[in-house]
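Open the model in your viewer and keep the selection panel at hand. The tour goes stop by stop, from sheets to ligand to the partner chain.

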Amino acid sequence: MTTTETRPVAEGDLRSVLASRNRPARPSALSASLTFGWRALLKIKHVPEQLFDVTVFPVLFLLMFTYLFGGALAGSTSEYLQWVLPGILVMTVVMITLYTGVALNTDITKGVFDRFKSLPVWRPAPLAGALLGDAVRYTLASTMVIVLGLVLGFRPENGAGGVLLAVVLLLVFCYSLSWLWTLLGLLLRTPNSVMGVSMMVMFPGTFLSNIFVDPQTMPGWLRAFVDVNPVSHLVTAIRGLMHGGVTTGQIVSVLMASAVMVLLFAPITMYLYRNRK
Amino acid sequence: MTATAGNLAIEASNLVKVFGATRAVNGVDLTVPSGGVYGFLGPNGAGKTTTIRMLATLLRPDGGHARVLGHDIVREADTVRGLVSLTGQFASVDEELTGLENLVLLGRLYGYSWAQAKRRTNDLLGAFGLADAADRLVKHYSGGMRRRLDIAASIVVTPELMFLDEPTTGLDPRSRNQVWDIVRALVAGGTTVLLTTQYLDEADQLADRMAVIDHGAIIVEGTPSELKAAVGSGTLHVRVHDPAQRDEAERLLIESLRVPVHREADPAALSARVADPARVAHALGELSHAGVDVSHFALGQPSLDEVFLALTGHPAETYGAGETAEESAA
Ligand SMILES: Nc1ncnc2c1ncn2[C@@H]1O[C@H](COP(=O)(O)OP(=O)(O)O)[C@@H](O)[C@H]1O
Ligand SMILES: [Mg+2]
């Protein structure tokens with residue numbers, strides 16, 4: 001066994017690397033969170049699919065509904081586009097929130113999470129860093145949908161300011177919702193089951209809403225659900241912010257729904273996070 | 001006890017961990033001196049991983065106590081965490097990042113500046129023969145490269161005590177040799193290594209002392225040579241050319257080895273556990289002398305199964321393929 005010359009491990013270098021017994025001081029909570037945020041950005045760079053594979057459906061729906069049913073539903077495709085685009089924006093970004101739970105679960109099943117847990121850093125830093133990455137993903141996806149809309153003829157009456165406020169409200173809602181996926185990410189066994197269960201919540205959550213059509217024409221029992229669905233309230237508020245006519249009540253109801261989600265899911269999530277296994 | 005605490009890397013008494021109905025670790029006592037390699041040998045499901053996850057503060061014990069480098073693993077978990085590192089059984093590097101990004105990330109999380117983290121990363125990648133692969137995504141790494149990166153990730157800050165959980169399981173012999181080199185370099189640098197393995201051979205190669213664990217409890221502790229002496233040096237497998245000669249071969253082997261000889265399912269094959277390898281040459285000589293034509297023989301290292309059979313009287317229940325040092329006579 002004379003494999004010494006083909007062994008790529010350089011023993012001399014290894015000894016000198018190991019000789020360094022330098023122990024840097026523990027990083028601050030902010031620095032650790034930002035480092036995890038950097039990791040999330042690197043993932044977007046290396047796996048840009050995570051932005052596209054869930055947005056491709058909303059974009060297809062946008063094109064399909066606008067050109068196939070737009071004329072029938074709203075009189076003209078252009079009028080329908082004004083109506084449906086805010087809803088599609090919500091659908092897209094809400095869909096992307098799924099990845100928060102899937103990514104966390106992937107880290108857990110791959111053992112990366114164990115390594116993070118054994119580091120001398122502020123415990124919630126991985127979650128805080130993931131939030132930074134999420135902000136980037138949500139903003140990129142929003143930009144994509146809005147730009148596509150503008151190209152197709154979307155003309156928000158409240159202009160850029162209205163759109164910006166609408167996106168901010170959307171981000172607040174999505175951050176709050178992502179606690180639910182984080183919870184599932186900690187609870188379920190595999191990334192696929194996280195994806196599956198999230199989709200089971202997400203499909204009725206987005207389709208049984210006022211995204212595509214006015215609930216006026218729906219049967220009473222369905223309308224009852226659509227009317228309490230927080231996604232409907234979010235869509236209404238965002239339409240109002242983009243086209244005018246938003247009421248304080250509409251915004252407050254979105255903020256309330258967000259607060260309820262955080263108050264409900266965040267404590268359980270943090271408990272699971274601290275006490276996993 | 002306080003007088004010796006400074007020289008002990010690990011002292012655990014009666015550690016217990018229960019998962020539902022499974023007593024994964026059922027009263028483990030362990031004393032590991034500082035410096036050198038300590039081997040932790042056991043079949044799949046014996047409780048190796050659970051034990052070292054408790055010692056590395058990733059799991060809270062349900063019973064018992066342990067001090068690691070003089071610190072209590074429950075009350076002083078943060079201190080322990082700062083002094084040890086664990087390389088898990090399955091590589092825990094981030095597949096969607098490059099090798100370089102993985103290490104820089106950890107460097108930053110340990111508190112290095114960006115510049116220091118980059119320098120440390122480059123040093124590590126160079127030392128582990130990964131400099132060329134620095135900018136490649138880890139998902140494109142081979143198993144051996146991944147394992148090396150994983151170990152490098154555990155020494156971004158050089159630990160005082162390193163847990164290596166089955167670091168060579170599933171690696172090809174060359175990658176396994178590289179991991180062994182790394183372990184030896186770690187020890188030369190002053191780090192204590194606790195290494196779990198399913199191979200007696202590996203413990204024999206690396207460990208100064210070792211413990212054998214089964215069903216969550218330590219069944220024997222000692223130096224690898226002590227263990228090997230207790231177990232015997234391995235099993236002789238003989239295959240005769242003509243099955244008709246097997247009876248005669250069996251008689252001759254019993255005579256010269258003075259141990260029981262087993263008749264294998266293969267009508268031409270025999271096997272025997274031997275205590276003294278020197279007798280094997282003599283026994284083979286006797287066969288040839290008597291005109292028994294041997295088509296194949298092999299002297300296997302004692303497999304984990306044989307270790308268990310010798311130590312506990314029952315075979316290891318789930319048992320991965322053992323290493324066999326084969327010699328063929330044809
Ligand atoms: N998280 C867990 N939940 C339930 N059972 C577990 C868990 N981890 C390990 N076990 C069980 O505990 C026993 C010991 O497992 P482990 O420590 O992984 O053994 P080893 O590392 O020696 O193969 C096994 O029976 C295993 O199935
Ligand atoms: Mg294990």
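Two strands count as paired if DSSP finds at least two bridges between them. Keep that rule in mind, and remember that this is a predicted model.

**Stop 1: the four-stranded sheet of chain B**

Select strands 2, 1, 4 and 5 of chain B. In that order they form an open sheet, and the pairing is antiparallel. Now look at the edges. Strand 2 and strand 5 (71-72) of chain B sit there, each pairing on one side only.

Zoom in on strand 1 (residues 8-19) of chain B. Nine bridges tie strand 1 to strand 2 of chain B, and the two run antiparallel. Pick two pairs along this ladder. Ile10(B) has Val32(B) as its bridge partner in strand 2 of chain B. Val18(B) stands opposite Arg23(B), also in strand 2 of chain B.

Follow the chain round the turn. The hairpin of strands 1 and 2 of chain B has two residues between the strands. Click Gly20(B) in this hairpin: its phi is positive, near 55°.

Next, add helix 2 of chain B. Helix 2 lies across strand 1, strand 2 and strand 4 (63-68) of chain B. Its direction is at about 120° to strand 1 of chain B.

**Stop 2: ligand 1**

Stay with helix 2 of chain B and show ligand 1. Which element gives the most to the shell around ligand 1? Helix 2 of chain B does, with three residues.

Select the whole shell. Twelve residues surround ligand 1. The closest are Gly45(B), Gly47(B), Lys48(B), Thr49(B) and Thr50(B). By class, the shell holds four nonpolar, six polar and two charged residues. Colour the shell by chain. Residues from chains A and B surround ligand 1, so the site is shared between chains.

Now check three distances to oxygen atoms of ligand 1:

- Gly45(B): a backbone N or O atom lies 2.6 Å from a ligand oxygen.
- Gly47(B): a polar backbone atom is 3.0 Å from a ligand oxygen.
- Thr49(B): a polar side-chain atom lies 2.5 Å from a ligand oxygen.

Turn on the surface. How much of ligand 1 does the protein bury? Taken alone, ligand 1 exposes 560 Å², and the protein buries 65% of that. Two elements give two or more residues to the shell: strand 2 (22-33) and helix 2 (48-55) of chain B.

**Stop 3: the six-stranded sheet of chain B**

Move on to strands 6, 7, 8, 3, 9 and 10 of chain B. They form an open sheet in the order 6-7-8-3-9-10, with mixed pairing. The edge strands are strand 6 (84-87) and strand 10 (217-222) of chain B; each pairs on one side only. View the sheet end on. The twist averages 15° from one strand to the next.

Start at the strand 6 edge. Strand 6 and strand 7 (residues 161-165) of chain B pair in the parallel sense over four bridges. Here Ser85(B) stands opposite Met162(B) in strand 7 of chain B.

Cross to the other edge and show helix 9 (residues 224-231) of chain B. Helix 9 packs on the sheet and touches strand 9 (209-214) and strand 10 of chain B. The direction of helix 9 makes about 105° with that of strand 10 of chain B.

**Stop 4: chain A**

Finish by selecting chain A. How many helices and strands are there in chain A? There are 13 helices and zero strands. Step through them from the N terminus on: each element in the run is α. Zoom out for the overall extent. Along the principal axes, the C-alpha atoms of chain A fill a box of roughly 80 × 40 × 35 Å.

Methods. Residues numbered from 1 in each chain as written. Chains lettered and ligands numbered in written order. Predicted model: local features only at pLDDT ≥ 70, side-chain atom pairs only at ≥ 80, totals over all residues. Heavy atoms only, no water. Near = heavy atom within 4 Å. Polar contact = N/O pair within 3.5 Å; in protein donor to acceptor, adjacent residues only side chain to side chain. Areas by Shrake-Rupley, 256 points an atom, 1.4 Å probe, with all protein chains shown as cover. Nonpolar A, V, L, I, M, F, W, Y, C, P; charged D, E, K, R; others polar. Contact = heavy atoms within 4.5 Å. Axes fitted to C-alpha atoms, helices over the stretch in contact; angles between N-to-C directions.
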